[in-house]
Amino acid sequence: MEADEKGIVYYDKEKFHAGFCGDLSKEDADFMYASHGAFAGKCFITPITNAAWRNKPSFAVVATDDKSIVPDIQRNMYRRSNTRITEVKGSHAVYISQPEKVAAVIVEAAKAVSVSK
């Protein structure tokens, strides 16, 4: 992915299915490509001054077949931030290909931080 002259990043259409959502059908991948938005490349390098993970519990899903963000990079980031990691076999779009597994992590996180009354 290369940023344009304004710093906006677009996913290459020819690489999108395999690189972003390889575990989805071609039809779903085509729809996702047509409907996804571009983003500012500086989001990857902008310093965060008050990261929530410094003082709040954090939970994450590592998509083990992710081709957009290498799973080892995700694991290292999450370990550094003391994040509870759940690994799910799937692409970067694991939230679509494995929604039940991702939802289970969200439910687990909600239960873990809920205060009984």
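Which residues line the second largest pocket? In this predicted model, the lining is made up of M1, Y11, F16, F20, H36, G37, F39, F44, S68, I69 and H92. By class, 7 of these residues are nonpolar and 4 are polar. No charged residue takes part in this lining. The volume of the second largest pocket is about 180 Å³.

The largest pocket has a volume of about 310 Å³. Its lining consists of C43, F44, I48, A51, W53, R54, M77, Y78, R80 and S81. Here the count is 7 nonpolar, 1 polar and 2 charged residues. F44 appears in the lining of the largest pocket and also in that of the second largest pocket.

Salt bridges were examined next. The whole structure contains 5 salt bridges. One of them pairs K26 with D30. The closest N and O atoms of K26 and D30 are 2.8 Å apart. Both residues belong to helix α2, which covers residues 26-35. K26 and D30 are 4 residues apart, or about one turn of the helix. D30 is partly exposed, and its relative accessible area is 37%.

A second pair is formed by E87 and R75. Their closest N and O atoms are 2.6 Å apart. E87 lies in strand β4 (residues 84-88) and R75 lies in helix α3 (residues 71-80), so this salt bridge ties together parts that are 12 residues apart in sequence. The two partners differ in exposure. E87 has a relative accessible area of 41% and is partly exposed. R75 is buried, because its relative accessibility is 14% and the cut-off for buried is under 20%.

Strand β4 also holds R84. The side chain of R84 meets that of E108 in a salt bridge, with an N to O distance of 3.1 Å. E108 sits in helix α5 (residues 99-113), so the pair ties together parts that are 24 residues apart in sequence. R84 is partly exposed, at 42% relative accessibility. E108 is partly exposed as well, at 33%. Elsewhere, D72, R75 and E87 are joined into one network by salt bridges that share partners.

Methods. Residues numbered from 1 in each chain as written. Predicted model: local features only at pLDDT ≥ 70, side-chain atom pairs only at ≥ 80, totals over all residues. Heavy atoms only, no water. 1 Å grid on protein atoms, 1.4 Å probe; cavity = no way out; pocket = protein on both sides within 12 Å on 5 of 7 lines; lining within 4 Å. Points joined across faces, edges and corners; volume = space filled by probe spheres on them. Nonpolar A, V, L, I, M, F, W, Y, C, P; charged D, E, K, R; others polar. Salt bridge = Lys/Arg side-chain N within 4 Å of Asp/Glu carboxyl O. Helix = DSSP H or I, 4+ residues; strand = E, 2+ residues; numbered from the N terminus. Buried < 20%, exposed > 50% of the residue type's maximum accessible area, 1.4 Å probe, protein only.
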